[in-house]
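Me: Before I rely on any of the labels used for this model, I would like to go through them one at a time and hear the reasoning behind each.

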Amino acid sequence: MIVLTGSTGGIGRTALQTLLSEKLVPVSELRISSYNTAAIPAAVRETGIEIRKGNLYEPSTLVESYSGAEVLFLVSFPSMGEERYKLHRNAIDAAKAAGVRHIIYTSLSFCGGAEGNTSVAQVAQAHLRTERYLKDSGMTYTILRMPSYAHLWNNYAGFLNLDVAPDVVQEAVLPNDGLEHWANRAELGEATARVIANWQNYINKTLNFTGPELLTGVDIINKYMKHTGRKVNVRILPVEEAIAWHIKKGSVPPEQASFLDNWASWHTAISLGEKAFLDPTLEQLLGRKPKTIDDQADEIFSASNSLDTKDLVGI
């Protein structure tokens, strides 16, 4: 039995859809654990998949939700702070108490390089702590380090307004820049499903999912300008100056201004080369070339992909 979490989120939803549509694992061997079982779509319910309530804030529900399973697919909780690690720890402890043997965990590639275990990016800290806790748990593991999602390029590139008049010249201010890898989230979910279905092949392994190309934030802004015909002036400023500029401009809601320090740390990590590597694993799992930024340009550069500030706490 494989228990799936995060089944209504970006990665987990596509992983579940792929498992079901391609019949990678018999439905009788799958179970969904969700804090909000009512959110599971009718089409998924109609497959006959087992659904149990599991709330990361209520560890007792997790033990019941994971009971009898051999594998837990643990999607990281959408928070960037201490809460994320504590809730992951609840899931790992509950899995061990329930007799789970193996955990597949979705981490981030902000880890000091392809084989690194440290990062200056604040967003990576809970992930790195979770990785260490999981490795010390006594269970076997597979860690999937996820790249930057292509549709969230604007979170990295300075919070541009994609819906302004075509003749408006915008300014993008970045605190450092550097090469990093980008990938399509749906393709990441598809590849994840293949790991879940064949988890025995990835015992005690860390997999780096990267897209097919390395691009800087400036590179992507240039692609945005080329694709849309809009004009953006790009400036790279020291961290404190960049943060102050975005606070003054109101780039994020006032109540989220403190997030900008976290955001700036991503760029510092990127400038130090933490994401300046490519890995063939995603392509191998997909059996095709992953989508480039240009392949997705119509979708990700459109005004309908406007900045959603919820993403600022869900990376």
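**Labels and their grounds**

Reply: In this predicted model, helix α4 (residues 82-98) lies across β4 and β5 (102-108), running at about 175 degrees to β4. Helix α5 (residues 125-135) packs on the sheet as well, touching β5, β6 (140-146) and β10, and its direction makes about 160 degrees with that of β5.

Me: What makes β3 and β10 the edge strands?

Reply: The open sheet has seven strands in the order β3-β2-β1-β4-β5-β6-β10, with parallel pairing; β3 (50-53) and β10 (205-208) each pair on one side only.

Me: How do you know that β1 and β4 pair?

Reply: Pairing requires at least two bridges, and three bridges join β1 (residues 2-4) to β4 (residues 71-74), so the two strands count as paired. V3 stands opposite L72 in β4.

Me: Why is the aromatic pair of Y156 and W266 called tilted?

Reply: The centres are 5.0 Å apart, which is within the 6.5 Å limit for a pair, and the planes make 45 degrees, which is neither under 30 nor over 60, so the pair is tilted. Y156 belongs to helix α6 (residues 153-156) and W266 to helix α10 (residues 259-271), 110 residues apart.

Me: Why are Y156 and W266 called buried?

Reply: Buried means under 20% relative accessible area; Y156 has 5% and W266 has 0%, so both residues qualify.

Me: What makes the pair of F259 and W266 edge-to-face?

Reply: The angle between the planes is 75 degrees, with 5.7 Å centre to centre, and an angle over 60 counts as edge-to-face. Ring pairs link Y156, W182, F259 and W266 into a cluster.

Methods:
Residues numbered from 1 in each chain as written. Predicted model: local features only at pLDDT ≥ 70, side-chain atom pairs only at ≥ 80, totals over all residues. Heavy atoms only, no water. Helix = DSSP H or I, 4+ residues; strand = E, 2+ residues; numbered from the N terminus. Contact = heavy atoms within 4.5 Å. Axes fitted to C-alpha atoms, helices over the stretch in contact; angles between N-to-C directions. Phe/Tyr/Trp six-rings, centres within 6.5 Å; stacked < 30°, edge-to-face > 60°. Buried < 20%, exposed > 50% of the residue type's maximum accessible area, 1.4 Å probe, protein only.
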